[in-house]
Amino acid sequence: KFFSFRPHVLPARRPVAMGASWSTESSLASPLGAAMVPSMGSESSAAAGALLSITVTSALTGEPISKVTRQACDTVASILRALEAAADDIRTGHLLFGHKVLPAGDTLGAAGVKDGSTVSFVLARPPALLTASGLEVEVWDPAGGQLLRSLRGHRRRLVATAFGGHGQLLVTASGDGMIKLWDFSAGACVLSLETELERLTSAALSEDGSLFAVACAAGLAQVWSLCGGRGGRQPVFDRLQRWRREGACSVAVSPDGCTIAMNGSDGVASIWEASSGRLLRDLVGHAGPVNSAVYSPDGSMVITASSDRSVIIWAASTGERLQILQGGCRGTGVLKSAVLSPDLSSVLVCWGATAQIWGRTSGECWQVMAHQGALTSAAFSRDGAFIATGAADGAAKVWSSASCRCAYTIDGHGDTVACAAFASQ
(Lines give C-alpha, C1' and ligand atoms only; values in the text may rest on other atoms or scores of the structure.)
Protein backbone atom coordinates (compact mmCIF):
# COMPACT_ATOMS: atom_id res chain seq x y z
CA LYS A 1 0.00 0.00 0.00
CA PHE A 2 1.20 3.48 -0.80
CA PHE A 3 0.09 6.97 0.03
CA SER A 4 1.24 9.95 -1.99
CA PHE A 5 2.04 13.60 -1.37
CA ARG A 6 1.39 15.69 -4.46
CA PRO A 7 3.41 18.88 -4.98
CA HIS A 8 1.65 21.70 -3.17
CA VAL A 9 2.33 24.94 -1.37
CA LEU A 10 2.31 24.77 2.40
CA PRO A 11 2.29 27.62 4.92
CA ALA A 12 5.61 29.13 5.99
CA ARG A 13 7.79 26.80 8.04
CA ARG A 14 6.20 23.69 6.61
CA PRO A 15 8.06 21.17 4.40
CA VAL A 16 7.34 21.40 0.70
CA ALA A 17 6.96 17.76 -0.36
CA MET A 18 8.23 17.00 -3.84
CA GLY A 19 5.60 14.39 -4.70
CA ALA A 20 7.31 11.75 -2.61
CA SER A 21 5.63 8.39 -2.14
CA TRP A 22 6.68 6.22 0.78
CA SER A 23 5.70 2.63 1.47
CA THR A 24 3.74 2.33 4.70
CA GLU A 25 5.34 -1.09 5.17
CA SER A 26 8.93 0.01 4.53
CA SER A 27 9.80 0.07 8.21
CA LEU A 28 9.15 -3.68 8.42
CA ALA A 29 12.05 -4.36 6.09
CA SER A 30 14.10 -1.34 6.99
CA PRO A 31 17.84 -1.99 7.11
CA LEU A 32 18.29 0.38 10.04
CA GLY A 33 18.78 -2.57 12.33
CA ALA A 34 21.11 -4.32 9.91
CA ALA A 35 24.84 -3.82 10.02
CA MET A 36 26.44 -1.73 7.31
CA VAL A 37 28.76 -4.52 6.30
CA PRO A 38 32.22 -4.15 4.80
CA SER A 39 33.03 -5.35 1.32
CA MET A 40 32.13 -8.98 0.79
CA GLY A 41 34.91 -9.85 -1.54
CA SER A 42 37.20 -8.49 -4.22
CA GLU A 43 36.86 -7.81 -7.89
CA SER A 44 38.98 -10.85 -8.72
CA SER A 45 35.82 -12.73 -9.76
CA ALA A 46 35.10 -10.23 -12.52
CA ALA A 47 37.30 -7.82 -14.40
CA ALA A 48 36.63 -4.20 -13.57
CA GLY A 49 35.19 -3.59 -17.04
CA ALA A 50 33.09 -6.76 -17.22
CA LEU A 51 29.39 -6.22 -17.85
CA LEU A 52 26.99 -7.48 -15.20
CA SER A 53 23.29 -8.09 -15.83
CA ILE A 54 21.54 -7.50 -12.50
CA THR A 55 17.89 -7.99 -11.56
CA VAL A 56 16.45 -5.64 -8.91
CA THR A 57 13.44 -6.91 -6.96
CA SER A 58 11.28 -5.42 -4.21
CA ALA A 59 12.35 -6.60 -0.76
CA LEU A 60 8.70 -6.40 0.33
CA THR A 61 6.98 -8.33 -2.45
CA GLY A 62 9.80 -10.10 -4.29
CA GLU A 63 8.47 -8.77 -7.59
CA PRO A 64 10.98 -7.53 -10.20
CA ILE A 65 11.43 -3.75 -10.30
CA SER A 66 14.11 -3.34 -12.94
CA LYS A 67 16.88 -5.03 -14.82
CA VAL A 68 20.10 -3.08 -15.18
CA THR A 69 23.45 -3.60 -16.85
CA ARG A 70 26.51 -2.28 -15.07
CA GLN A 71 30.24 -2.76 -15.04
CA ALA A 72 31.91 -4.46 -12.09
CA CYS A 73 33.72 -1.20 -11.36
CA ASP A 74 30.45 0.76 -11.06
CA THR A 75 29.23 1.58 -7.57
CA VAL A 76 26.14 0.35 -5.78
CA ALA A 77 24.97 3.98 -5.76
CA SER A 78 24.80 3.95 -9.56
CA ILE A 79 21.92 1.46 -9.40
CA LEU A 80 20.15 3.52 -6.73
CA ARG A 81 20.45 6.61 -8.94
CA ALA A 82 19.01 4.69 -11.89
CA LEU A 83 16.02 3.57 -9.82
CA GLU A 84 15.36 7.15 -8.74
CA ALA A 85 15.68 8.46 -12.31
CA ALA A 86 13.09 5.94 -13.52
CA ALA A 87 10.54 7.04 -10.90
CA ASP A 88 8.33 10.13 -10.94
CA ASP A 89 9.24 10.86 -7.33
CA ILE A 90 12.26 10.44 -5.09
CA ARG A 91 12.51 6.87 -3.89
CA THR A 92 15.81 6.34 -2.17
CA GLY A 93 16.80 3.33 -0.13
CA HIS A 94 19.24 0.45 0.09
CA LEU A 95 20.20 -2.61 -1.91
CA LEU A 96 20.36 -5.98 -0.17
CA PHE A 97 22.49 -8.84 -1.49
CA GLY A 98 21.73 -11.98 0.42
CA HIS A 99 20.52 -10.42 3.64
CA LYS A 100 23.21 -7.78 3.92
CA VAL A 101 23.11 -4.08 3.10
CA LEU A 102 25.46 -3.11 0.27
CA PRO A 103 27.43 0.08 1.10
CA ALA A 104 26.52 2.65 -1.55
CA GLY A 105 30.15 3.55 -2.22
CA ASP A 106 31.31 -0.03 -2.84
CA THR A 107 31.87 -1.22 -6.37
CA LEU A 108 29.61 -4.04 -7.50
CA GLY A 109 32.60 -6.30 -8.02
CA ALA A 110 33.95 -5.64 -4.53
CA ALA A 111 30.49 -6.29 -3.08
CA GLY A 112 30.47 -9.76 -4.67
CA VAL A 113 27.72 -9.02 -7.20
CA LYS A 114 28.15 -11.15 -10.34
CA ASP A 115 26.55 -11.40 -13.73
CA GLY A 116 23.01 -12.72 -13.28
CA SER A 117 22.80 -11.73 -9.60
CA THR A 118 19.58 -10.53 -7.99
CA VAL A 119 19.56 -7.71 -5.46
CA SER A 120 16.61 -6.44 -3.40
CA PHE A 121 15.59 -2.82 -2.99
CA VAL A 122 14.37 -1.54 0.38
CA LEU A 123 12.67 1.84 0.40
CA ALA A 124 14.10 4.01 3.19
CA ARG A 125 11.88 6.23 5.27
CA PRO A 126 13.58 9.45 6.40
CA PRO A 127 13.98 9.81 10.16
CA ALA A 128 12.80 12.85 12.09
CA LEU A 129 14.58 16.05 11.07
CA LEU A 130 15.77 18.61 13.59
CA THR A 131 16.31 22.28 12.68
CA ALA A 132 17.71 24.94 15.00
CA SER A 133 17.00 28.56 14.09
CA GLY A 134 16.63 31.67 16.19
CA LEU A 135 15.55 30.74 19.72
CA GLU A 136 13.96 27.35 19.10
CA VAL A 137 14.52 23.85 17.84
CA GLU A 138 11.86 22.28 15.64
CA VAL A 139 11.40 18.57 14.97
CA TRP A 140 9.80 17.51 11.68
CA ASP A 141 8.40 14.32 10.19
CA PRO A 142 9.76 14.42 6.63
CA ALA A 143 7.45 11.70 5.29
CA GLY A 144 4.25 13.36 6.44
CA GLY A 145 5.45 16.96 6.28
CA GLN A 146 4.37 17.60 9.86
CA LEU A 147 5.89 19.70 12.62
CA LEU A 148 6.13 17.26 15.52
CA ARG A 149 7.25 19.60 18.27
CA SER A 150 9.14 22.76 19.14
CA LEU A 151 11.73 22.97 21.91
CA ARG A 152 11.84 26.41 23.49
CA GLY A 153 13.65 27.93 26.43
CA HIS A 154 16.75 29.74 25.15
CA ARG A 155 16.95 33.53 25.50
CA ARG A 156 19.60 34.05 22.83
CA ARG A 157 20.13 32.67 19.36
CA LEU A 158 20.99 28.97 19.15
CA VAL A 159 24.47 28.19 17.85
CA ALA A 160 24.86 24.42 18.27
CA THR A 161 22.98 21.17 18.84
CA ALA A 162 24.21 17.61 19.37
CA PHE A 163 22.64 14.19 19.81
CA GLY A 164 23.92 11.54 22.21
CA GLY A 165 22.78 8.86 24.58
CA HIS A 166 21.98 6.57 21.64
CA GLY A 167 19.58 9.14 20.27
CA GLN A 168 17.74 9.68 23.55
CA LEU A 169 19.45 12.93 24.56
CA LEU A 170 19.83 16.26 22.81
CA VAL A 171 22.04 19.15 23.85
CA THR A 172 21.45 22.72 22.69
CA ALA A 173 23.71 25.74 23.24
CA SER A 174 23.12 29.45 22.69
CA GLY A 175 25.55 32.33 22.30
CA ASP A 176 25.00 33.62 25.86
CA GLY A 177 26.51 30.46 27.41
CA MET A 178 23.22 28.71 28.18
CA ILE A 179 23.27 24.93 27.70
CA LYS A 180 20.19 22.71 27.86
CA LEU A 181 19.83 18.95 27.95
CA TRP A 182 16.63 17.48 26.53
CA ASP A 183 14.92 14.12 26.71
CA PHE A 184 14.38 13.98 22.97
CA SER A 185 11.58 11.41 22.88
CA ALA A 186 9.56 13.35 25.48
CA GLY A 187 10.55 16.78 24.20
CA ALA A 188 11.27 17.90 27.77
CA CYS A 189 14.20 19.89 29.11
CA VAL A 190 15.80 17.92 31.94
CA LEU A 191 18.72 20.22 32.74
CA SER A 192 19.74 23.84 32.21
CA LEU A 193 23.34 24.88 32.76
CA GLU A 194 24.88 28.31 32.35
CA THR A 195 28.61 28.34 31.69
CA GLU A 196 30.89 31.33 32.10
CA LEU A 197 32.16 30.86 28.56
CA GLU A 198 31.06 33.62 26.23
CA ARG A 199 30.11 33.28 22.56
CA LEU A 200 29.68 29.51 22.46
CA THR A 201 30.25 28.09 19.00
CA SER A 202 30.11 24.30 19.30
CA ALA A 203 28.70 21.48 21.42
CA ALA A 204 29.17 17.71 21.41
CA LEU A 205 27.71 14.76 23.31
CA SER A 206 29.11 11.23 23.49
CA GLU A 207 27.16 8.36 21.97
CA ASP A 208 26.57 6.78 25.39
CA GLY A 209 25.48 10.13 26.86
CA SER A 210 28.16 10.12 29.55
CA LEU A 211 30.22 13.06 28.35
CA PHE A 212 29.47 16.55 27.09
CA ALA A 213 31.74 19.30 25.75
CA VAL A 214 31.44 22.87 24.49
CA ALA A 215 33.83 25.31 22.83
CA CYS A 216 33.73 29.08 22.45
CA ALA A 217 35.14 31.69 20.09
CA ALA A 218 37.96 32.51 22.53
CA GLY A 219 39.48 29.04 22.07
CA LEU A 220 38.30 27.68 25.43
CA ALA A 221 36.71 24.25 25.84
CA GLN A 222 34.94 22.69 28.80
CA VAL A 223 34.07 19.05 29.38
CA TRP A 224 31.54 17.61 31.82
CA SER A 225 30.57 14.09 32.82
CA LEU A 226 26.87 13.32 32.95
CA CYS A 227 25.22 11.00 35.45
CA GLY A 228 21.54 10.06 35.57
CA GLY A 229 18.97 11.81 33.43
CA ARG A 230 16.82 8.74 32.74
CA GLY A 231 14.08 6.91 34.54
CA GLY A 232 12.99 10.07 36.32
CA ARG A 233 16.46 10.75 37.74
CA GLN A 234 17.76 14.28 37.61
CA PRO A 235 20.96 14.45 35.52
CA VAL A 236 24.08 15.78 37.23
CA PHE A 237 26.98 17.48 35.48
CA ASP A 238 30.47 17.35 36.99
CA ARG A 239 32.96 19.55 35.18
CA LEU A 240 36.01 17.51 34.34
CA GLN A 241 38.32 19.82 32.44
CA ARG A 242 38.80 23.26 31.03
CA TRP A 243 41.60 24.05 28.61
CA ARG A 244 42.57 26.51 25.92
CA ARG A 245 43.44 25.79 22.31
CA GLU A 246 44.36 28.94 20.41
CA GLY A 247 41.95 29.59 17.57
CA ALA A 248 39.76 26.57 18.34
CA CYS A 249 36.02 27.04 18.05
CA SER A 250 34.70 23.53 17.37
CA VAL A 251 34.77 20.42 19.51
CA ALA A 252 33.92 16.76 18.86
CA VAL A 253 33.62 13.80 21.24
CA SER A 254 34.71 10.33 20.19
CA PRO A 255 31.91 7.73 20.13
CA ASP A 256 33.36 6.01 23.21
CA GLY A 257 33.65 9.33 25.08
CA CYS A 258 37.38 8.87 25.78
CA THR A 259 38.85 11.63 23.63
CA ILE A 260 38.04 15.12 22.37
CA ALA A 261 39.03 16.59 18.99
CA MET A 262 39.43 20.34 18.44
CA ASN A 263 40.26 22.48 15.45
CA GLY A 264 42.87 25.26 15.34
CA SER A 265 43.47 28.49 13.42
CA ASP A 266 47.20 27.68 13.23
CA GLY A 267 46.57 24.77 10.83
CA VAL A 268 46.84 22.15 13.59
CA ALA A 269 44.02 20.06 15.05
CA SER A 270 44.45 18.28 18.36
CA ILE A 271 43.19 15.23 20.25
CA TRP A 272 42.82 15.38 24.04
CA GLU A 273 42.11 12.85 26.75
CA ALA A 274 38.65 13.70 28.05
CA SER A 275 39.13 12.55 31.65
CA SER A 276 42.43 14.33 32.32
CA GLY A 277 42.56 17.12 29.74
CA ARG A 278 45.97 15.84 28.65
CA LEU A 279 47.00 16.60 25.07
CA LEU A 280 47.48 13.26 23.35
CA ARG A 281 48.58 14.33 19.88
CA ASP A 282 48.59 17.15 17.36
CA LEU A 283 47.42 16.58 13.80
CA VAL A 284 49.88 18.56 11.68
CA GLY A 285 49.50 18.76 7.92
CA HIS A 286 47.25 21.62 6.83
CA ALA A 287 48.63 24.84 5.34
CA GLY A 288 45.74 26.99 6.57
CA PRO A 289 43.29 27.25 9.47
CA VAL A 290 41.47 24.04 10.39
CA ASN A 291 37.75 24.83 10.37
CA SER A 292 36.45 21.51 11.73
CA ALA A 293 37.68 18.25 13.22
CA VAL A 294 35.19 15.39 13.69
CA TYR A 295 35.33 11.65 14.31
CA SER A 296 34.27 9.00 11.84
CA PRO A 297 31.10 7.11 12.80
CA ASP A 298 33.17 4.18 14.10
CA GLY A 299 35.61 6.43 15.97
CA SER A 300 38.70 5.05 14.24
CA MET A 301 39.44 8.22 12.26
CA VAL A 302 39.38 11.98 12.58
CA ILE A 303 38.56 14.06 9.50
CA THR A 304 39.63 17.69 9.25
CA ALA A 305 38.59 20.43 6.82
CA SER A 306 40.75 23.48 6.21
CA SER A 307 40.76 26.86 4.52
CA ASP A 308 43.69 25.52 2.46
CA ARG A 309 40.91 23.77 0.45
CA SER A 310 41.87 20.28 1.56
CA VAL A 311 40.38 17.51 3.68
CA ILE A 312 42.65 15.15 5.62
CA ILE A 313 41.73 11.80 7.19
CA TRP A 314 43.80 10.76 10.23
CA ALA A 315 44.08 7.63 12.37
CA ALA A 316 42.54 8.67 15.67
CA SER A 317 44.69 6.34 17.77
CA THR A 318 48.08 7.33 16.32
CA GLY A 319 47.60 10.66 14.52
CA GLU A 320 48.93 9.10 11.31
CA ARG A 321 47.86 10.95 8.18
CA LEU A 322 45.95 8.39 6.14
CA GLN A 323 44.70 10.40 3.18
CA ILE A 324 44.62 13.91 1.72
CA LEU A 325 41.64 14.85 -0.45
CA GLN A 326 42.01 17.85 -2.74
CA GLY A 327 40.34 16.78 -5.96
CA GLY A 328 36.75 17.74 -5.18
CA CYS A 329 34.69 20.42 -6.87
CA ARG A 330 36.08 23.88 -6.38
CA GLY A 331 33.65 26.11 -4.59
CA THR A 332 33.55 29.73 -3.55
CA GLY A 333 33.59 30.72 0.09
CA VAL A 334 34.93 28.72 3.01
CA LEU A 335 35.47 24.96 3.15
CA LYS A 336 33.61 24.77 6.45
CA SER A 337 33.42 21.10 7.40
CA ALA A 338 33.69 17.48 6.27
CA VAL A 339 32.14 14.27 7.63
CA LEU A 340 32.46 10.63 6.62
CA SER A 341 29.43 8.63 5.51
CA PRO A 342 28.19 5.79 7.76
CA ASP A 343 29.71 3.19 5.43
CA LEU A 344 32.99 5.22 5.30
CA SER A 345 32.95 5.24 1.48
CA SER A 346 32.38 8.96 0.88
CA VAL A 347 32.92 12.40 2.39
CA LEU A 348 30.22 15.07 2.78
CA VAL A 349 31.79 18.53 2.46
CA CYS A 350 30.32 21.96 3.26
CA TRP A 351 31.88 24.46 0.89
CA GLY A 352 30.36 27.92 0.60
CA ALA A 353 26.75 27.59 -0.55
CA THR A 354 27.15 23.95 -1.61
CA ALA A 355 27.31 20.53 -0.02
CA GLN A 356 29.46 18.14 -2.01
CA ILE A 357 29.95 14.38 -1.90
CA TRP A 358 33.52 13.27 -2.58
CA GLY A 359 34.68 9.71 -3.09
CA ARG A 360 36.86 8.77 -0.16
CA THR A 361 39.26 6.72 -2.28
CA SER A 362 39.47 8.95 -5.35
CA GLY A 363 38.75 12.34 -3.82
CA GLU A 364 36.61 13.09 -6.87
CA CYS A 365 33.43 15.13 -6.51
CA TRP A 366 30.46 12.86 -7.18
CA GLN A 367 27.52 15.17 -6.52
CA VAL A 368 26.78 18.80 -5.61
CA MET A 369 23.80 20.18 -3.65
CA ALA A 370 23.23 23.94 -3.59
CA HIS A 371 21.54 26.52 -1.34
CA GLN A 372 20.99 30.22 -1.91
CA GLY A 373 23.11 31.08 1.14
CA ALA A 374 26.25 29.76 2.82
CA LEU A 375 25.82 26.34 4.41
CA THR A 376 25.98 26.05 8.18
CA SER A 377 25.73 22.27 8.50
CA ALA A 378 25.43 19.02 6.57
CA ALA A 379 24.83 15.55 7.98
CA PHE A 380 24.01 12.01 6.90
CA SER A 381 21.13 10.03 8.34
CA ARG A 382 22.31 7.08 10.40
CA ASP A 383 21.64 4.62 7.58
CA GLY A 384 23.30 6.91 5.01
CA ALA A 385 20.25 7.11 2.73
CA PHE A 386 19.58 10.82 3.29
CA ILE A 387 21.48 14.08 3.76
CA ALA A 388 20.26 17.09 5.73
CA THR A 389 21.60 20.60 5.08
CA GLY A 390 21.00 23.96 6.74
CA ALA A 391 22.02 27.36 5.46
CA ALA A 392 22.08 31.10 6.02
CA ASP A 393 19.22 31.48 3.53
CA GLY A 394 16.83 30.29 6.25
CA ALA A 395 16.16 26.93 4.58
CA ALA A 396 16.78 23.33 5.55
CA LYS A 397 16.76 20.64 2.87
CA VAL A 398 16.67 16.85 2.77
CA TRP A 399 18.39 15.11 -0.14
CA SER A 400 18.74 11.58 -1.44
CA SER A 401 22.38 10.67 -0.83
CA ALA A 402 22.43 8.43 -3.92
CA SER A 403 21.26 11.01 -6.47
CA CYS A 404 21.53 14.25 -4.42
CA ARG A 405 18.03 15.19 -5.58
CA CYS A 406 16.19 17.40 -3.11
CA ALA A 407 13.32 15.53 -1.47
CA TYR A 408 11.82 18.51 0.32
CA THR A 409 12.59 21.95 1.69
CA ILE A 410 11.69 23.62 4.97
CA ASP A 411 11.89 27.37 4.59
CA GLY A 412 10.43 30.46 6.17
CA HIS A 413 12.49 30.23 9.35
CA GLY A 414 13.17 33.96 9.22
CA ASP A 415 16.70 33.43 10.45
CA THR A 416 19.78 31.36 9.67
CA VAL A 417 19.32 27.64 10.17
CA ALA A 418 22.21 27.09 12.56
CA CYS A 419 21.86 23.33 12.45
CA ALA A 420 19.97 20.70 10.44
CA ALA A 421 20.38 17.07 11.48
CA PHE A 422 18.51 13.80 11.64
CA ALA A 423 17.43 12.20 14.86
CA SER A 424 19.52 9.13 15.61
CA GLN A 425 16.44 6.94 15.99
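Is Thr 259 buried or exposed? With a relative accessible area of 17%, Thr 259 is buried, because the cut-off for that class is under 20%. The model described here is predicted.

## Thr 259 and its surroundings

Thr 259 belongs to strand E21, which covers residues 259-262. The side chain of Thr 259 makes a polar contact with another side chain, that of Tyr 295, at 2.7 Å.

Tyr 295 is also among the residues in contact with Thr 259 when neighbours within four places in sequence are left aside. The others in that set are Ala 252, Val 253, Ser 254, Ile 271, Trp 272, Ala 274 and Leu 280.

## Strand E30

Strand E30 runs over residues 354-359 and is mostly covered, with 6 of its 6 residues buried. In a regular strand, side chains alternate between the two faces of the sheet. Both faces of E30 are covered. On one side the buried residues are Thr 354, Gln 356 and Trp 358. Ala 355, Ile 357 and Gly 359 are buried on the other side.

## The partners of E30

Strand E29, residues 346-351, is joined to E30 by 6 bridges, and the two strands run antiparallel. Within this pairing, Val 347 has Trp 358 of E30 as its bridge partner. Trp 358 is also one of the buried residues of E30. E29 and E30 form a hairpin with 2 residues between the strands, where Gly 352 takes a positive phi near 60°.

E30 is also joined to strand E31, residues 365-370, by 5 bridges, and this pair runs antiparallel too. Here the bridge partner of Ala 355 is Met 369 in E31. The hairpin of E30 and E31 has 5 residues between the strands. In that turn, Gly 363 has a positive phi of about 75°.

## Arg 360 in the loop after E30

Arg 360 sits in the loop between E30 and E31. How does Arg 360 count at 22% relative accessibility? Arg 360 counts as partly exposed, because the buried class requires a value under 20% and the exposed class one over 50%.

A polar atom of the Arg 360 side chain lies 3.1 Å from the backbone oxygen of Leu 344. Arg 360 and Ser 346 are 14 residues apart in sequence, while their C-alpha atoms are 4.6 Å apart in space. Leaving aside neighbours within four places in sequence, Arg 360 is in contact with several residues, including Leu 344, Ser 345, Ser 346 and Val 347. Met 301, Ile 313, Gln 323, Leu 325 and Leu 340 are also in contact with Arg 360.

## Cysteines

How many disulfides does the structure hold? The structure holds 0 disulfides. Cys 404 is in no disulfide, and the nearest cysteine sulfur, that of Cys 365, is 8.6 Å away. That distance rules out a disulfide because the two sulfur atoms would have to be within 2.5 Å.

Cys 404 counts as buried, at 7% relative accessibility. Cys 350 is buried as well, with a relative accessible area of 1%.

## A five-stranded open sheet

Elsewhere in the sequence, 5 strands form an open sheet in the order E5-E4-E8-E6-E7, with mixed pairing. Its edge strands are E5 (64-71) and E7 (100-101), each of which pairs on one side only.

Strand E4, residues 51-58, is joined to E5 by 7 bridges, and these two strands run antiparallel. Thr 55 stands opposite Lys 67 in E5.

Conventions. Residues numbered from 1 in each chain as written. Predicted model: local features only at pLDDT ≥ 70, side-chain atom pairs only at ≥ 80, totals over all residues. Heavy atoms only, no water. Buried < 20%, exposed > 50% of the residue type's maximum accessible area, 1.4 Å probe, protein only. Helix = DSSP H or I, 4+ residues; strand = E, 2+ residues; numbered from the N terminus. Pairing = 2+ DSSP bridges. Polar contact = N/O pair within 3.5 Å; in protein donor to acceptor, adjacent residues only side chain to side chain. Contact = heavy atoms within 4.5 Å.
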